[in-house]
Amino acid sequence: MTTLTAQPGLTTVADRAVGRIAGRAAMEVPDVLDCAVTARVTGGVATLDASLDLRYPAPVAATAARVRAHLVARVAALTGLQVSVVDVSVGVLRADVVPVRRVL
């Protein structure tokens with residue numbers, strides 16, 4: 001009779017999956033209107049590159065810092081990966097403008 005012992009396995013998470021997880025996490029931060037994230041996973045470490053569209057007049061530097069901290073925490077919690085680098089670039093600042101309809 002053989003005895004089976006539990007051995008830990010190895011779970012890998014694809015770059016694309018980590019990028020999607022990070023993109024959803026970035027949308028949880030106030031003033032982020034849209035986000036695209038690319039990720040590179042090497043071993044148990046991920047590096048992220050996030051491109052953001054922000055609400056105008058959000059403070060750009062403070063919002064980028066909040067996104068960076070949030071991505072590090074959420075990606076680590078959801079994937080178990082350590083996030084070493086998060087590069088954030090802001091592409092567009094969009095004002096919340098409600099279209100006005102004119103009746104002629």
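**Asking a predicted model for its reasons**

Guide: Let us start at Thr63, which touches Pro30, Asp31, Val32, Leu54 and Ala58 once residues up to four places away in sequence are set aside. Thr63 has its place in helix H2. Please keep in mind that this is a predicted model.

Visitor: Why does Thr63 count as buried?

Guide: The label buried needs a relative accessible area under 20%. Thr63 has 0% relative accessibility, so Thr63 counts as buried.

Visitor: And what makes Asp53 buried?

Guide: The reasoning is the same kind of check. Asp53, found in strand E2, has 17% relative accessibility, and because the limit is under 20%, Asp53 counts as buried.

Visitor: Which side chain makes a polar contact with the side chain of Asp53, and how do you know that it is one?

Guide: The partner is the side chain of Arg94, at 3.4 Å. A polar contact asks for N or O atoms within 3.5 Å, one able to donate a hydrogen and the other to accept it. The pair at 3.4 Å therefore qualifies. Leaving out residues up to four places away in sequence, Asp53 touches Asp31, Val32, Leu33, Asp34, Gly91, Val92 and Arg94.

Visitor: Asp31 is in that list. Is Asp31 buried, partly exposed or exposed?

Guide: Asp31 has 21% relative accessibility. Partly exposed is the class between the buried limit of under 20% and the exposed limit of over 50%, so Asp31 counts as partly exposed. Asp31 sits in the loop between H1 and E1.

Visitor: What makes the phi of Asp31 worth a look?

Guide: Most residues other than glycine have a negative phi. Asp31 is not a glycine, yet its phi is positive, at about 80°. Gly43 also takes a positive phi, near 65°, in the hairpin of E1 and E2, which has two residues between the strands.

Visitor: How do you know that E1 and E2 are paired?

Guide: Pairing takes at least two bridges. E1 (residues 32–42) and E2 (residues 45–56) share 10 bridges in the antiparallel sense, so the two strands pass that test. Along this pairing, Val32 stands opposite Leu54, and Thr38 stands opposite Asp49.

Visitor: What about E2 and E3, parallel or antiparallel?

Guide: E2 and strand E3 (residues 82–95) run parallel and are joined by 12 bridges. Within this pair, Tyr56 stands opposite Ala95. The chain gets from E2 to E3 through helix H2 (residues 60–79), and this β-α-β crossover is right-handed.

Visitor: Why is one side of E1 and of E3 left without a neighbour in the sheet?

Guide: The three strands form an open sheet in the order E1-E2-E3, with mixed pairing. E1 and E3 stand at the edges and each has a single partner strand, so one side of each has no neighbour in the sheet. Neighbouring strands here are turned by 15° against each other on average, direction ignored.

Visitor: Which helices lie across these strands?

Guide: Helix H1 (residues 15–26) lies across E1 and E2, at about 150° to E1. H2 lies across E1, E2 and E3, running at about 140° to E3.

Visitor: What makes Gln82 exposed?

Guide: The exposed class starts over 50%. Gln82 has a relative accessible area of 52%, so Gln82 is exposed. Gln82 lies in strand E3 and, leaving aside neighbours within four places in sequence, is in contact with Gly44, Val45 and Ala46. Gln82 and Ala46 are 36 residues apart in sequence, but their C-alpha atoms are 6.1 Å apart in space.

Visitor: How many residues are in the largest nonpolar core, and which elements contribute two or more?

Guide: That core has 23 residues, and those with the most contacts inside it are Val18, Val32, Cys35, Leu48, Leu52, Val67 and Leu71. H1, E1, E2, H2 and E3 each give two or more residues to it. Val18, for its part, touches Val13, Ala39, Val41, Ala46, Leu48, Val75 and Leu81, not counting residues up to four places away in sequence.

Visitor: One last stop: what kind of peptide bond joins Tyr56 and Pro57?

Guide: A cis bond, with omega of about 10°. Most peptide bonds are trans. Pro57 has its place in the loop between E2 and H2.

Conventions
Residues are numbered from 1 along each chain as its sequence is written. This is a predicted model: local features need pLDDT of at least 70, side-chain atom pairs count only at pLDDT 80 or more; totals for chains, interfaces and linings use all residues. Side-chain values use heavy atoms; hydrogens and water are left out. Helices (H or I, at least four residues) and strands (E, at least two) are DSSP runs, numbered from the N terminus. A crossover is right-handed if, with the strands pointing away from the viewer, the path from the first strand over the helix to the second runs clockwise. Buried means under 20% relative accessible area, exposed over 50%, partly exposed in between (1.4 Å probe, protein chains only). Contact means heavy atoms within 4.5 Å. Axes are lines fitted to C-alpha atoms, for helices over the stretch in contact, and angles run from 0 to 180 degrees between N-to-C directions. A nonpolar core is a set of buried Ala, Val, Leu, Ile, Met, Phe, Trp, Tyr and Cys residues joined through side-chain atoms within 4.5 Å.
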